[in-house]
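Welcome to this structure! Please have a look at the chain before reading on; the notes below are meant to help you find your way around.

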Amino acid sequence: MALVDDTLTDEPGFRMSEATAGDFFALLKPRVMSLVVFTAFVGLVAAPVTINPLLAVIAILAIAIGAGASGALNMWYDADIDAVMTRTAGRPVPAGRIRPGEALSFGLVLSVLSVMTLGVLVNWLSATLLAFTIFFYAVVYTMWLKRWTPQNIVIGGAAGAIPPVIGWAAVTGTVSLESVVLFLIIFLWTPPHFWALALFKSEDYARAGIPMMPNVAGQASTRRQIFAYALILAPVGVLPWTLGFTTPAYGVFAVLLGAGFVWYAWKVLQMADDDHVMKPAKALFGYSLLYLFAIFAVYLADCVVGRVLAMGGA
């Protein structure tokens, strides 16, 4: 006599999940999540108020889970276009390793878990900002902006720019000018970063029907806009020093990093219309990742060293 009724597995719509832990981890978009966690951590440490170390860990974990939830919801909704893009065809949902319903349930559970954990254990302002970020990325950007307007990255970039504000709010319970400046750096960095990618992946986006800037306005217009954003981003990256939030050491690094961004953007601007290799665009995309990590790392180091020196002189 069988201990388990095998007919149960024959019910319509019933199938044991074949997904591995690695597949569900991939749903979280770990590379994006790591950047979110890092910038949130910088906002948390930069805040001029001490926080219980355990609460700090809880806050960062909740933000990480919330970022992962956004990624899972994005992959659930975008499975149709991910399937036709070479860059994303191997993701768990379009590849068939995770069913859409599993991705949706996973994302919703993590969303509620992250927001409630942050609200109950830390404070409700940071939890509200996290909930807004998840909603904005999963609904406003993924379900609406991404498929509707070439300004999708510009407006949608707000979701990726909020993490340092969440980290700051988790410590202080407020939003300050300093955290808003950190928001602006990421917000202005996002368009040139993603448009550089869109330049050499324009065929992918065209196949998927996504109105990215190069496919709608053309490559020449996109290159000009990338350069314009670089010219704005460079001085905004120096604002923490000019506003007195950091030491001149940060200012020097920020000026050099911003100058590098403008130089790479200038190379993109000079690209020929028939350039199919697009080395300048690929170089800018790589440098933009370095820029964001470096400027936040220097900001973090400046804050930490400044406090250590202040404590030593006290």
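The points below go from the annotated spans to one helix, then to the cores and a loop.

1. A word on the source: this is a predicted model, so please read every point below with that in mind.

2. Start with the record. The unreviewed UniProt entry marks as "transmembrane region" residues 32-51, 57-77, 127-145, 152-171, 177-200, 226-243, 249-266 and 287-310. Two of these spans can be compared with the model: residues 177-200 are 100% helix and 0% strand, with end C-alpha atoms 36 Å apart. Residues 249-266 are also 100% helix and 0% strand, and there the end C-alpha atoms lie 26 Å apart.

3. Is helix 7 largely enclosed or open to the outside? It is largely enclosed by the rest of the structure, because eight of its ten residues, which run from 152 to 161, are buried. The buried ones are Asn 152, Ile 153, Val 154, Gly 156, Gly 157, Ala 158, Ala 159 and Ala 161. Their packing partners are helix 6 (124-148), helix 8 (163-172), helix 9 (177-200) and helix 12 (219-242).

4. Asn 152, in helix 7, deserves a closer look. With a relative accessibility of 0%, Asn 152 counts as buried. Its side chain reaches the backbone oxygen of Lys 146 at 3.2 Å. Apart from neighbours within four places in sequence, Asn 152 contacts Tyr 141, Leu 145, Lys 146, Gly 157, Ile 210, Pro 211 and Met 212.

5. Now for the nonpolar cores. The largest one holds 92 residues, and those with the most contacts inside it are Leu 118, Ile 185, Trp 195, Phe 261, Tyr 291, Ile 295 and Phe 296. If residues up to four places away in sequence are set aside, Tyr 291 touches Trp 189, Leu 233, Gly 237, Leu 257, Gly 258 and Phe 261. There is also a second, separate core of eight residues, with Leu 27, Ala 72, Ile 98 and Ala 103 among them.

6. Finally, try the loop between helix 12 and helix 13 (248-269), where Thr 246 lies. Is Thr 246 buried or exposed? At 10% relative accessibility, Thr 246 counts as buried. A polar atom of the Thr 246 side chain lies 3.4 Å from the backbone nitrogen of Trp 241. Residues up to four places away in sequence aside, Thr 246 touches Pro 240, Trp 241, Tyr 299 and Asp 302.

Methods
Residues are numbered from 1 along each chain as its sequence is written. This is a predicted model: local features need pLDDT of at least 70, side-chain atom pairs count only at pLDDT 80 or more; totals for chains, interfaces and linings use all residues. Side-chain values use heavy atoms; hydrogens and water are left out. Buried means under 20% relative accessible area, exposed over 50%, partly exposed in between (1.4 Å probe, protein chains only). Helices (H or I, at least four residues) and strands (E, at least two) are DSSP runs, numbered from the N terminus. Contact means heavy atoms within 4.5 Å. A nonpolar core is a set of buried Ala, Val, Leu, Ile, Met, Phe, Trp, Tyr and Cys residues joined through side-chain atoms within 4.5 Å. A polar contact is a pair of N or O atoms within 3.5 Å; within protein, one must be able to donate a hydrogen and the other to accept it, and residues adjacent in sequence count only if both atoms are side-chain atoms. UniProt positions are given in the numbering used here, feature names are shortened, and annotations may be inferred rather than shown by experiment.
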